[in-house]
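Please open the model in the viewer and keep the selection tool at hand. The tour below proceeds from one selection to the next.

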Amino acid sequence: MAKTEKEVKKKHNEVQPELSRELSLFHLTMMGAGMMIGAGVFVATGISIGISGAGGILITFALNGLIAICSAMSFAELSSALPAAGGAYTYIKQSFGGVVGFISGWMNWFALAVAGSLYAITFSTYTIHLLKSWEFFAFLENHLGLYEKILAVFIALMFILVNFRGVSETGNSASMIALGQTVTLGIIGVIGVAVALRDPSRLVNFEPFIGAGWSKILVTMGFTYVGFEGFEVIGHAGEEAINPKKNIPKAILYAVIIVVTTYLLVAFAAVIGAKPEGSTIMEWFSARGATGFADAIKNLFPFGGILVTLAAIFSSTSALNATIYSSARVSFAMGRDGALPPKMAGISQKRRVPAFALFMSSIIIIFVAAALPVEDV
């Protein structure tokens with residue numbers, strides 16, 4: 001006679017160790033902030049200024065921040081009530097169960113794994129772009145695509161290994177990288193404010209403040225909101241967080257506040273750094289498209305381009321680390337619930353991490369990063 005799901009869970013709990021509770025409030029906050037500040041902000045900011053204007057980007061980020069805070073409060077409430085591995089999958093399964101929970105779990109797991117592949121590719125693209133500017137690495141131009149793929153797989157393997165070593169190592173690496181990206185972007189923002197105070201004439205870039213009307217702001221809100229998602233990754237740490245009922249809700253709100261403040265600062269810096277010289281600020285950014293943000297920061301101060309590249313590298317590795325962690329926890333939770341084979345719920349005796357779930361997520365991440373063109377990813 002087939003065993004019930006309750007019996008399978010009971011047997012599983014008798015023979016398996018629990019996940020290790022080692023993630024502090026700082027770890028959780030940085031993990032969420034690192035996931036939110038993906039490399040997309042470096043592309044979306046310039047494009048959005050070209051669509052909605054200099055003041056439009058500030059309104060866009062402020063309104064998206066308000067929406068994100070509302071969503072974050074919902075996640076904070078849910079994570080406090082259900083502090084379990086799996087995050088959004090767990091909440092949906094508890095609410096709707098059955099097929100809806102199953103589909104949401106599969107979508108969440110696969111989306112996180114593929115996102116990890118994209119962040120690995122983003123890291124390799126920015127890193128090789130930086131390296132090939134030096135004469136010693138000029139040979140990279142000969143087989144650019146191949147070197148980007150090799151580096152993408154290498155960085156993915158490196159962070160997979162960090163995740164396998166234990167949740168403490170994962171939390172520490174996530175914290176340091178996310179702190180690095182936040183500080184780097186914060187420096188860019190502060191320099192932008194300092195330049196504006198020293199040379200108020202640059203504030204003319206904000207005239208007119210809303211260059212294309214409120215309808216365009218709605219467009220850029222939709223275009224940039226992806227940069228305000230990611231705080232939900234904190235909910236995946238429900239069984240590995242210290243005092244989860246208290247720290248997870250706090251971390252979610254802190255992460256959103258940090259990211260919104262950072263975005264407003266760097267958007268201001270980008271507008272101040274632009275030099276239209278005869279054209280409007282919107283025309284200047286429209287002409288540059290995806291490179292508009294980087295070009296503006298290069299104009300802002302010496303070595304601005306290098307700082308932008310470093311911030312993008314920090315952002316992609318931080319998000320990669322978070323997606324590897326999260327995808328493994330979703331598949332682990334699904335295995336424990338019987339939505340995936342029970343082996344997915346296995347926990348390493350020594351490391352106290354969901355080793356097999358991590359292994360299966362890693363296969364998806366590495367395969368997609370190595371085999372598919374970046375456009376398909």
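In this predicted model, begin by selecting Ile 324, Ser 327, Ala 328, Ser 331 and Phe 332 in helix α13, which meet Ala 357, Leu 358, Ser 361 and Ile 365 in helix α14. By class, this contact of α13 with α14 comprises 6 nonpolar residues, 3 polar residues and no charged ones.

Next, display both helices in full: α13 covers residues 304–337 and α14 covers residues 355–371. Two packed helices are described by the angle between their axes and the distance between the axes. Here the angle is about 125°, and the axes lie 8 Å apart. The arrangement of α13 is therefore oblique to α14. The crossing in which α13 passes α14 is right-handed.

Keep α13 visible and add helix α5, residues 88–96, whose buried residues are Ala 88, Tyr 89, Thr 90 and Tyr 91. What covers these buried residues includes α13, together with α4 (54–81) and α6 (98–131). Just after α5, select Gly 97, which takes a positive phi of about 60°.

Move now to Gly 50, in helix α3 (residues 40–52). Is Gly 50 buried or exposed? Gly 50 is buried, because its relative accessible area is 12%, below the 20% cut-off. Leaving aside neighbours within four places in sequence, Gly 50 is in contact with Met 282, Phe 285 and Ser 286. For a distance check, select Ala 212 as well: Gly 50 and Ala 212 are 162 residues apart in sequence, and their C-alpha atoms are 9.5 Å apart in space.

The next stop is Thr 262, in helix α10 (residues 244–273). Thr 262 has a relative accessible area of 6% and is therefore buried. Apart from neighbours within four places in sequence, Thr 262 is in contact with Thr 182 and Leu 185.

The final selections concern backbone geometry. Most residues other than glycine have a negative phi, and most peptide bonds are trans.

- Select Glu 207 and Pro 208: the peptide bond from Glu 207 to Pro 208 is cis, with omega near -5°. Pro 208 is in the loop between α8 (167–198) and α9 (214–224).
- Select Asn 243, in the loop between α9 and α10. Asn 243 is not a glycine, yet has a positive phi of about 50°; at 43% relative accessibility, Asn 243 counts as partly exposed.
- Select Phe 303, in the loop between α12 (292–300) and α13. Phe 303, also not a glycine, has a positive phi of about 65°. With a relative accessible area of 64%, Phe 303 is exposed.

Note on methods. Residues are numbered from 1 along each chain as its sequence is written. This is a predicted model: local features need pLDDT of at least 70, side-chain atom pairs count only at pLDDT 80 or more; totals for chains, interfaces and linings use all residues. Side-chain values use heavy atoms; hydrogens and water are left out. Helices (H or I, at least four residues) and strands (E, at least two) are DSSP runs, numbered from the N terminus. Buried means under 20% relative accessible area, exposed over 50%, partly exposed in between (1.4 Å probe, protein chains only). Contact means heavy atoms within 4.5 Å. Axes are lines fitted to C-alpha atoms, for helices over the stretch in contact, and angles run from 0 to 180 degrees between N-to-C directions. Angles under 35 degrees count as roughly parallel, over 145 as roughly antiparallel, 65 to 115 as roughly perpendicular and the rest as oblique. A crossing is left-handed if the near helix is turned anticlockwise from the far one by less than a right angle, and right-handed if clockwise. Ala, Val, Leu, Ile, Met, Phe, Trp, Tyr, Cys and Pro count as nonpolar, Asp, Glu, Lys and Arg as charged, and the others, Gly among them, as polar.
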